[in-house]
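Me: I would like a close look at a single part of this model, with the terms explained as you go. Please take one strand and follow its surroundings outward.

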Amino acid sequence: MQKYMSMQTHVWLAGMCLLFGGVAGCGQSGGPVVQYVKGFVTLDGAPLGGATVRFSPTASGGMGATGMTQDDGSFTLNAQAARPGAGTAEGEYAVTIQKVEYPDTSHLELSTDDPRYGTAEHQRLMDEAAAAKPKVIVPQRYNAVETSGLSATVGKGSNSFRFELVSKE
């Protein structure tokens, strides 16, 4: 009987090792397999900071990813469920770039102790803030996959891209 329990214990331990070893060994740090992607964006020759760069797969197997440009125009991509700055899956991508600046409406906000709070003047200020339109920095054509004209092929390993945008064409 002792021999049987020992064998049963060994089988159980081997099963647990396979189960947990298999789970621990999947993917890259628990996320999808991605390739490193970095790049640089300019608008009219100057580095473009604060822009959103999106890679949208044009074929199956790709993985959408987004990055934000720094003040020097540089960016790294982040695919959903991957570790930050990791990149995206190998494949063909359409690229869009967008940047808008929202007007500062903080001067239109009133605190509850302001005598104008709850008055017609308060309503006028709220309406003014709601009507404030964002300023489009990157031309609209770069905002849509169908019109951006930008593309990228992500390969195995480290990938680097440069996107030079122009405001007038």
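Which residue in S11 does Phe-40 stand opposite?

Reply: Phe-40 stands opposite Arg-162 in S11. The model is a predicted one, in which local features need pLDDT of at least 70 and side-chain atom pairs count only at pLDDT 80 or more, while totals for chains, interfaces and linings use all residues. Residues are numbered from 1 along each chain as its sequence is written, and side-chain values use heavy atoms, with hydrogens and water left out.

The partner of S11 here is strand S1 (residues 37-43), and these two pair in the parallel sense over seven bridges; strands are DSSP runs of E with at least two residues, numbered from the N terminus, and pairing requires at least two DSSP bridges.

Along S11 the side chains alternate, with Asn-159, Phe-161, Phe-163 and Leu-165 pointing to one face and buried, whereas Ser-160, Arg-162 and Glu-164 point to the other and are not buried. Buried here means under 20% relative accessible area, exposed over 50%, and partly exposed in between, with a 1.4 Å probe and protein chains only.

On the buried face, Phe-163 forms an aromatic pair with Phe-55 that is edge-to-face, at 6.3 Å centre to centre and 80° between the planes. Rings of Phe, Tyr and Trp (its six-membered ring) pair if their centres lie within 6.5 Å, and planes under 30 degrees apart count as stacked, over 60 as edge-to-face and the rest as tilted. This pair links distant parts of the chain, since Phe-55 belongs to strand S3 (residues 52-57) and Phe-163 to strand S11 (residues 159-165), 108 residues apart. Both Phe-55 and Phe-163 are buried, and ring pairs join them with Phe-75, Tyr-93 and Phe-161 in a cluster.

Phe-55 and Phe-163 also appear among the residues with the most contacts inside the largest nonpolar core, which has 26 residues; Val-41, Leu-48, Val-95, Ile-97 and Leu-165 are the others named. Such a core is a set of buried Ala, Val, Leu, Ile, Met, Phe, Trp, Tyr and Cys residues joined through side-chain atoms within 4.5 Å. At least two residues of this core come from each of S1, S3, S7, S10 and S11.

Of these, S3, S7 and S10 belong to an open sheet of five strands with antiparallel pairing, in the order S6-S4-S3-S7-S10. Strand S6 (78-79) and strand S10 (150-154) stand at its edges, each with a single partner strand, so one side of each has no neighbour in the sheet. Strand S7 (residues 91-98) pairs with S10 in the antiparallel sense over five bridges, and Gly-91 stands opposite Val-154 in S10.

Key:
Helices (H or I, at least four residues) and strands (E, at least two) are DSSP runs, numbered from the N terminus.
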